[in-house]
Amino acid sequence: MLGHDVLPTLITRLMAATHFEGAATAALEAMLDCVHAALAESPFATSARLLRAMVHLRPSDGYQRLFGVEHRTGAQVEGTGYLTSANVWRWVSEHRCSVSIDVQRGVLHAWVPEGRVERREPIDAAGVPGHETRERMLGRDATHVHVVPLRTPGEGVSGMIAIEASCKAAAGQEFVWGDCEEQLELIATAAVAYLGALPPRPSCAARTDALLPVVGRATTGLIELLRVFAQQEETVLISGPTGSGKSRLARWCHEQSQREGKRFETLDLLSVPEELQMAELFGWKRGAFTGAMRDAAGAIARAAQGTLFIDEIDKLSLKAQAGLLRVLEERRYRPLGDEGSDKHADVRFIVGTNADLRAQVRAGKLREDLYYRINVLPVRLPPLSDRLDELPLWAEYMLGRRHEEAGGGGAVRIAREAVDLLMSTPWPGNLRQLDNMVRRAYAIALSDRGGAGSELLLARRHVERALAYDGAPEAGTLFEQLLRTARAFVQEAERREGSASPLSLDLIDAQRGLVLAVAVQRRGRDAAFALLGQEQLLRNRNHHRALKRELDRVRELLHVIGGEIDPALATVLDSADATAEGR
């Protein structure tokens, strides 16, 4: 069969691929070739056109990659040339089966395995793309769409591949998907591991601007993806920890959208009592409730023709969720106490949360239908600890902004030693905590100098005093502390990438020596080995040699990374060395 014929070539191309884009191109072109061959032998050979294929890689709650190619030309799909349907993704991810969509008729069919036999059966309307999505598909000539899941080992689905064709004559009839479904499944199975494991092709840094002045390695791909998402009218869901910059990113999306220059309204549900959420969303008429002394416009009306960013969506009451769902589905709403006709909601919605919305659905706190309605274009903003390469640039930006607000003149900068301290500090509050600390350190620096001047240097002592106001940071669990160590090691490896002295994974063994050195200092040599479960070495009298070996690894790491040894660490090593030599 054709699918088996293309597999050897496909595997060769996948094995040769060094980046996600290369593997995606190989898989998509193989699928397009299969469908093209099926079309050539079908009744629709002269009336159908194969358009394009797209990979949607979304291994968690957020999109990770989005890549497509046009049939024949091989050109990369840009802008709106891809499927955006939360309903389809829901079926594919939950049922792990391929689906075919007759876009003109609004009918979806699923390919359900029964042993070695495939049968095609109608699925209810819950899996069909909404009216707006179907209109966009038809607008790019896509009358028939086939979606194949990217299944991972176990029960997971890490994404999907969508293939679009144009054939108005086939409306309501069997299209060619059944003739090549087995081959498409084989190609997806062969490609999924490569698509999930290969990194994206190195690209130029994402463009920065006043709203997004810093973009690091970890967020470059996300920002470029959001740049495309911003052009759509579908809801964008931005998840991420508190203080990571979701509000700034939402405003940036608005400025990148077709509604640029129009109103941008924010509704932070954390600050709105549950009983007032409906009123804040939809507005009210005078007398609608106690205290409603005059008519008032809600957030939807205030954001008319623009964008409404609803933050902390997980705090929305179940009653308000029903009202918001209607707005998202019908684009209509009615202010509280208004007995007239419905109002049209000409608004683009962006939603933010720091919660696990799937868990909220399972707990009955979030309507499942609302979850799928807002989970159309999801992205996850990583915490600051996962993008520490951005931290110095954010600190400089925040310091410069604070200096400008204070009316200071001249240059303002941060000392290298102060940056090193910032890099070694945990930031559970993310960018918001960093901004507060920079403001505090700036005030301390001004105080030390006796007021504003022509130039300002933020020194390490200023940062130390600013951090002291927060108190000692919580240590967290052992796993969290080990995770911070792992992140620091990887960040140093990235810093040295391509240099003459790359960082070897073998050097992480020095951590064993550090743990043992600290234990020796605190408990003594023999007690340290017993404490750490090394009684066998004690019984065999091999612990002297083991201690020296572990300490040599610590010194090897110090030699590779360079720099001065922290006095506390030097004391630990000297003490442990003396113990190892029996002094």
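## A quick tour of this predicted model

Let's start with a caution: residues 115-125 keep a pLDDT (the predictor's confidence in each residue, from 0 to 100) under 50. For that stretch the model has 22 contacts (heavy atoms within 4.5 Å) beyond four places in sequence. This is a predicted model, so local features need pLDDT of at least 70, and side-chain atom pairs count only at pLDDT 80 or more, while totals for chains, interfaces and linings use all residues. Residues are numbered from 1 along each chain as its sequence is written, and side-chain values use heavy atoms, with hydrogens and water left out.

**Confidence**
- Across the chain, mean pLDDT comes to 84, with 88% of residues at 70 or more.
- Among the elements (DSSP runs numbered from the N terminus: helices are H or I with at least four residues, strands are E with at least two), strand E5 (residues 117-122) has the lowest mean pLDDT, 42.
- The highest mean, 97, belongs to strand E10 (residues 307-311).

**Cores**
- The largest nonpolar core (buried Ala, Val, Leu, Ile, Met, Phe, Trp, Tyr and Cys residues joined through side-chain atoms within 4.5 Å) has 46 residues.
- Val35, Ile163 and Phe175 have the most contacts inside this core.
- Elements giving two or more residues to this core include helix H1 (2-16), helix H2 (20-40) and helix H5 (177-197), and H2 supplies the largest share, 13 residues.
- Valine 35 is in contact with Leu50, Ile163, Val176, Trp177, Cys180 and Leu184, leaving aside neighbours within four places in sequence.
- Another core lies apart from it, with 31 residues, among them Ala299, Leu324, Val327 and Val361.

**The second largest pocket**
- On a 1 Å grid over the protein atoms alone, a pocket is an open set of points where a 1.4 Å probe fits, with protein on both sides within 12 Å along at least five of seven lines; lining residues have an atom within 4 Å of a point.
- The second largest pocket holds about 1,500 Å³ of space.
- Its lining has 42 residues, and Arg65, Pro200, Thr220, Gly221 and Leu222 lie nearest the centre.
- Helix H6 (217-229) is one of the elements giving two or more residues to the lining, and H6 gives the most, with 9.

**Alanine 320**
- Alanine 320 sits in helix H10 (residues 318-330).
- Alanine 320 counts as buried (under 20% relative accessible area, with exposed over 50% and partly exposed in between; 1.4 Å probe, protein chains only) because its relative accessibility is 0%.
- Not counting residues up to four places away in sequence, alanine 320 touches Gln277 and Met278.
- The C-alpha atoms of alanine 320 and methionine 278 are 5.4 Å apart, though 42 residues separate the two along the chain.

Technical notes
Points joined across faces, edges and corners; volume = space filled by probe spheres on them.
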